[in-house]
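User: Please take a close look at a single part of this structure and explain it in full for someone in the first year of study. I would like one connected account.

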Amino acid sequence: MVKPKKHLGQHFLKDESISQEIVSSVNEIEAIGTVLEIGPGTGALTKYFATKKVNFLAFEVDKESIDFLSINYPSVKVLNQDVLGYDLSSFEFKPVAIVGNFPYNISSQILFKAIEYRYEVNQLVGMFQKEVAERVASPPGSKKYGILSVLIQAYFNVEYLFTVHEESFIPPPKVKSGVIRLLRNDVSKLDCDEKLFFKIVKATFNQRRKMIRNSIKTIVGKLESEHELFSKRPEQLSVQNFITLTNFTESIIKTSNSNQ
Ligand code: SAM
């Protein structure tokens, strides 16, 4: 058996029915070009994916797990590579679906990777810490609604599927886990300057308790115009509100540049 390593976030899933449920939660698996598993470990999910007619590939950084997989599931393709540094647009077969019982220490980076490669990644199904899964799925108005909720929800439809108890893992983690499914929506590009949208979402939530007006000032400098969204706080704004705010902010920047 592989010895679980804490620094790699190794909590191996021992409950077979949960593994099967995660694998069967992948939507229209036969239409996916590449199913990419992050962190197969000892193969709790991998062994079920291996029975499917899909182009499957896994990324694992733990040499001991890779050796274990090559003995027990020799037909599975596993790359000994950190997925975070990998160019997901380089796959021959697209779209890409990201799946896994994800290492919790890199949860946010995995989600940001799905956003970065939103033209290639059309689905993500997997397990995060419950709190992270809830944050991604949170609607506006909730305390859990934040940067990741807005950026993910701008490009994906999110479903919180189910909660998993600590005792379903070896060793048990300290917190519960949550399985979510992200399905790419049909927005190819947001109806605004996307770079500015990202900047505004980050800037406003980094000053979460302040009114939007104050955070926008840090982006545009002097602020002479008014907008109804300025007197709100970021957690009250939907994705569409952030798009409106981005367009308004862009017009302020353009006016001030043309007056100089
Ligand atoms: N899928 C297995 C299961 O459900 O039992 C293992 C899940 S365990 C929570 C996370 C796995 O991700 C570990 O095997 C760990 O070695 C691997 N891992 C950690 N960081 C990684 C990275 N940057 N890239 C790829 N795999 C990584």
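Analyst: The protein has nine helices and nine strands, where helices (H or I, at least four residues) and strands (E, at least two) are DSSP runs numbered from the N terminus. This is a predicted model, in which local features need pLDDT of at least 70 and side-chain atom pairs count only at pLDDT 80 or more, while totals for chains, interfaces and linings use all residues. Residues are numbered from 1 along each chain as its sequence is written, and side-chain values use heavy atoms, with hydrogens and water left out.

The part to look at is the open sheet, but a word on its setting helps. The C-alpha trace of the protein spans about 70 × 40 × 30 Å along its principal axes, and 48% of the 260 residues count as buried, a term that means under 20% relative accessible area, with exposed being over 50% and partly exposed in between (1.4 Å probe, protein chains only). Among the contacts (heavy atoms within 4.5 Å) with a separation of 6 or more, 66% are between residues 24 or more positions apart.

The sheet itself is made of seven strands in the order E4-E3-E2-E5-E6-E9-E7, and its pairing is mixed. Its edge strands are E4 and E7 (156-164), each of which pairs on one side only; two strands are said to pair if DSSP finds at least two bridges between them.

We can begin with strand E3, residues 56-59, where Phe-56 and Ala-58 on one side and Leu-57 and Phe-59 on the other are all buried, so that both faces are covered. It helps to remember that in a regular strand the side chains alternate between the two faces of the sheet. Strand E2 (residues 34-38) runs parallel to E3 and is joined to it by four bridges. Within this pairing, Val-35 stands opposite Phe-56, and Leu-36 has Leu-57 as its bridge partner.

Strand E4 (residues 78-79) also runs parallel to E3, and two bridges join them, with Ala-58 standing opposite Val-78. The chain passes between these two strands by way of helix H3 (residues 63-72), and together E3, H3 and E4 make a right-handed β-α-β unit. Here right-handed means that, with the strands pointing away from the viewer, the path from the first strand over the helix to the second runs clockwise.

Val-78 deserves a closer look. This residue of strand E4 has a relative accessible area of 22%, and therefore counts as partly exposed. Leaving aside residues up to four places away in sequence, Val-78 touches Pro-40, Ala-58, Glu-60, Ile-66 and Leu-69. The C-alpha atoms of Val-78 and Phe-56 are separated by 9.0 Å, although these residues are 22 apart along the chain.

Turning to the other neighbour of E2, strand E5 (residues 96-101) has six of its six residues buried. On one side these are Val-96, Ile-98 and Gly-100, and on the other Ala-97, Val-99 and Asn-101, which leaves both faces covered. E5 pairs with E2 in the parallel sense over four bridges, and Glu-37 has Val-99 of E5 as its bridge partner. E5 also pairs with strand E6 (residues 121-129), again in the parallel sense, this time over six bridges, and Asn-101 stands opposite Met-127 there. A second right-handed β-α-β unit is made by E5, helix H4 (residues 107-116) and E6.

Some of the loops that lead into these strands have backbone features worth noting. Most residues other than glycine have a negative phi, and most peptide bonds are trans. In the loop between E4 and E5 lies Pro-95, and the peptide bond from Lys-94 to Pro-95 is cis, with omega near 0°. Another cis bond runs from Ile-170 to Pro-171, with omega near -15°, and Pro-171 is in the loop between strand E8 (169-170) and strand E9 (177-184). Glu-28, found in the loop between helix H1 (16-24) and E2, is not a glycine and yet has a positive phi, near 45°. Glu-28 counts as exposed because its relative accessibility is 52%.
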